[in-house]
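Ready for a little practice in reading a fold? Have the viewer open and a pencil at hand, and try each exercise before you look at its solution.

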Amino acid sequence: MTQTNEKIGFIGIGLMGHGMAKNIVEKGFPLTVVAHRNRGPVEDLVSRGAIEAASMEEMARDCTIIFLCLTGSPEVAAAIAALKCGLQAGSVIVDCSTSDPTVTQRLAVELAAVGVHFADAPLSRTPKEAWAGTLDCMIGAKADIFARVQPVIATWAAKIVHIGGVGDGHRMKLLNNFLSLGYAALYSEALALSRKVGIPVAEFDKVIRGGRMDCGFYQTFMGYALEGDREAHKFSLSNAYKDMRYVESMANAATVTTTMASAVKNSFAVAMANGGNGAADYVPHLSDFIARANGIE
């Protein structure tokens, strides 16, 4: 069991957050969660030893480190606004969401004015690794705040990299997602072209799998494209589209051309415009939308 004076709060116990929170409480940290529209994860975590707060303000009063694992910057800003009146000086907010770095820095300044610290700690991999406690995490924080939050993050992350100051974690996460979502767009177009010229998906895969172009992302992507497993990579198309908009925004602020990033974003825009905006529409399903755009059913 972990010995700690920190009291941990967790907001956002969805696909990723449920597994992360499960590891926090099972590895000895006192954990408080807050009501969620899906009662299943709340009740599961309470059965493992977590406490359910009656409100965000109550959580803020009772916790010294609060993790957020939400959809994006608007949801993060709303959660912090709800917490703010109860936050104690010296406490830490850790944003594990994929957020806009400019919003991250603004929120950090607002919290610093009331004596509250901020860290951005976005993550990589899938709900499977969240449950196993083997996620990757990239952290933007001052050195002393990193030292405080690192033992808690280590309950759910196997690879932890302290990137730099506040905002740098989110910047690196966007670069990471640019690469992974770029793969998804590339695979989708390559598979459409492969089928169009008469090479079946199974034959395409025989060449790529095990070769230099193979990688973990390719394998989960092909779990759907080849094997039909709709839950092979449970990251939604809508979140992917949001993340690529954030990448473009970051590039625009840095005066960097977005030849590739805009093309990737537009691939996901095609899916969103043609019905791919549901909660169970995941990144590997992009291959279907690109295929249909090319007359392939």
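The exercises below work through a predicted model.

**Exercise 1. Find the strands that pair with strand 1, and say in which sense they run.**

Step 1. Begin with strand 2, residues 31–34: three bridges join strand 2 to strand 1, and the two run parallel. To check this pairing on screen, pick glycine 9, whose bridge partner in strand 2 is threonine 32.

Step 2. Now follow the chain between these two strands. From strand 1 it passes through helix 1, residues 17–26, to reach strand 2, and this β-α-β crossover is right-handed.

Step 3. Turn to strand 4, residues 65–68. Four bridges join strand 4 to strand 1, again in a parallel arrangement. Here phenylalanine 10 stands opposite phenylalanine 67.

**Exercise 2. Decide whether the faces of strand 1 are covered or open.**

Step 1. In a regular strand, side chains alternate between the two faces of the sheet.

Step 2. Sort the residues of strand 1 (8–11) by side: Ile8 and Phe10 lie on one, Gly9 and Ile11 on the other.

Step 3. Buried means under 20% relative accessible area. Ile8, Phe10, Gly9 and Ile11 are all buried, and both faces of strand 1 are covered.

**Exercise 3. Describe how strand 8, helix 7 and strand 9 go together, and which side of helix 7 is buried.**

Step 1. Strand 8 (residues 135–140) pairs with strand 9 (residues 157–164) in the parallel sense, over six bridges. Leucine 135 stands opposite alanine 157 of strand 9.

Step 2. Add helix 7, residues 143–153, and the three elements form a right-handed β-α-β unit.

Step 3. List the buried residues of helix 7: Ile145, Phe146, Val149, Val152 and Ile153. Looking down the helix axis, these buried residues fall within an arc of 120°, so they line one face of helix 7.

Step 4. The spacing fits a general rule: an α-helix has 3.6 residues a turn, so residues three or four places apart point the same way. On the other side of helix 7, Ala143 and Ala147 are exposed.

**Exercise 4. Work out why alanine 271 counts as buried, and what it is in contact with.**

Step 1. Locate alanine 271 in helix 12, residues 259–273.

Step 2. Alanine 271 counts as buried because its relative accessibility is 0%, and the cut-off for buried is under 20%.

Step 3. Set aside the neighbours within four places in sequence; alanine 271 is then in contact with Leu237, Gly276, Leu286 and Phe289.

Step 4. Take Leu286 from that list. Leucine 286 is 15 residues from alanine 271 along the chain, with 6.4 Å between their C-alpha atoms.

Terms used: Residues numbered from 1 in each chain as written. Predicted model: local features only at pLDDT ≥ 70, side-chain atom pairs only at ≥ 80, totals over all residues. Heavy atoms only, no water. Buried < 20%, exposed > 50% of the residue type's maximum accessible area, 1.4 Å probe, protein only. Pairing = 2+ DSSP bridges. Right-handed = clockwise from strand over helix to strand, strands pointing away. Contact = heavy atoms within 4.5 Å. Arc of directions from axis to C-beta.
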